Amino acid sequence: MTIEEIKELLQLFNASGVGELEVERDDFRIRISRAASPQEHVISTSPAAAAPVAAAQAAHAAPIAAAGPVPGAQPEGDASQVLVKSPIVGTFYETPSPGAAPFVKVGDSVEPGQVLCIIESMKLMNEIEAEVAGTVTAKLVENGKPVEYGEPLFSIQPN
C-alpha cells in the first residue's frame, strides 16, 4: 500500500461517519478508529508498515492549503445558487458508462434524489444525488478528472 493510498483512506475515513476502518492487503494491514475527539485517530499497522503510516500521519496532521478558486465556480456570496460538493475523494464521471448520455446537463431541471454524477473511489462507484429541486446552472468539473473532498461539482438554482 502506497502513502497516497493511505492518505486517501484517511480522507475517506474523515469524510465518513464510520467509527473504525480496517484494510488488509497481502502482508499489510491498517486499522483506523475514532478516538474520543473527532480530530484524533488511532492507527495501528503491521510492523512492516510503520514508516509509511508515520509519514501519512505527519502529512495528515499538517493543514491542507486551499487550492484556490475553482474555474467557473459561483461566488461564495451568491446565496441564490446551491453548490453540490463532492462528499469524497475520487474520480468524477458525468455518465453511467462510457458512451452513455450524461446524467444531467446545464439547463436541466433536477429533483431531490436525482443522480447528478458518479464519483469512483477505491473501485466503488458512488452516485451523487441532488439535494434540492432546481435547474443545473453550471457543471464545475470535467469528466474523468479527480476531485477532492468538498470540491464543488455542480451549481443549482433552486426552484
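A residue is called buried when its relative accessible area is under 20%, exposed when it is over 50%, and partly exposed in between (1.4 Å probe, protein chains only). By that rule, 30% of the 159 residues of the chain count as buried. The model is predicted, so local features need pLDDT of at least 70 and side-chain atom pairs count only at pLDDT 80 or more, while totals for chains, interfaces and linings use all residues. Residues are numbered from 1 along each chain as its sequence is written, and side-chain values use heavy atoms, with hydrogens and water left out.

Start with the whole chain. Its secondary structure comes to two helices and eleven strands. Helices (H or I, at least four residues) and strands (E, at least two) are DSSP runs, numbered from the N terminus. Read from the N terminus, the elements run α-β-β-β-α-β-β-β-β-β-β-β-β. The accessible surface comes to about 9,300 Å², a value from the Shrake-Rupley method with a 1.4 Å probe; for residues, only the protein chains shown count as cover. Carbon and sulfur atoms hold 54% of that surface. Contact means heavy atoms within 4.5 Å. Among the contacts with a separation of 6 or more, 53% link residues 24 or more positions apart.

Now the sheets. Two strands pair if DSSP finds at least two bridges between them. One open sheet has four strands in the order β4-β11-β9-β6, with antiparallel pairing. Its edge strands are β4 (82-85) and β6 (109-110), and each pairs on one side only. β6 meets β9 (residues 134-139) in the antiparallel sense, over two bridges. There, V110 stands opposite G134 of β9.

Another open sheet of four strands has the order β8-β7-β5-β10, and its pairing is antiparallel. β8 (124-129) and β10 (146-147) stand at the edges with a single partner strand each, so one side of each is left without a neighbour in the sheet. Follow the pairs across. Six bridges join β8 to β7, and these strands run antiparallel. One bridge pair is I119 with N126 in β8. The hairpin of β7 and β8 has two residues between the strands, and here M122 takes a positive phi near 55 degrees. β7 also pairs with β5, in the antiparallel sense, over three bridges. T91 has E120 in β7 as its bridge partner. β5 (residues 90-93) then joins β10 through two bridges, again antiparallel. G90 stands opposite V147 in β10.

How well covered is β7? Seven of its seven residues are buried. That leads to the interior. In soluble globular proteins, nonpolar side chains tend to be buried together. A nonpolar core is a set of buried Ala, Val, Leu, Ile, Met, Phe, Trp, Tyr and Cys residues joined through side-chain atoms within 4.5 Å. The largest such core here has 17 residues, and F92, V110, L116, L153 and F154 touch the most other members. β7 (115-121) and β11 (152-158) each supply at least two residues of this core. Apart from it lies another core, of eight residues, including F13, V23, F28 and I32.

V110 deserves a second look. Leaving aside neighbours within four places in sequence, V110 is in contact with V104, L116, A130, V132, A133, G134, V136 and I156. G134 in that list is also the residue that V110 stands opposite in β9.

The loops come next. V89 is found between β4 and β5. Is V89 buried or exposed? V89 counts as buried, because its relative accessibility is 12%. Not counting residues up to four places away in sequence, V89 touches E8, Q11, L12, I119, E120, S121, V147, E148 and Y149. The C-alpha atoms of V89 and E120 are separated by 8.3 Å, with their positions 31 residues apart along the chain.

L140 sits in the loop between β9 and β10. At 9% relative accessibility, L140 also counts as buried. L140 and L83 are 57 residues apart in sequence, yet 9.6 Å apart in space, C-alpha to C-alpha.

S97 belongs to the loop between β5 and β6. Its relative accessible area is 35%, so S97 is partly exposed. C-alpha to C-alpha, S97 and I118 are 9.8 Å apart, at 21 residues apart in sequence.
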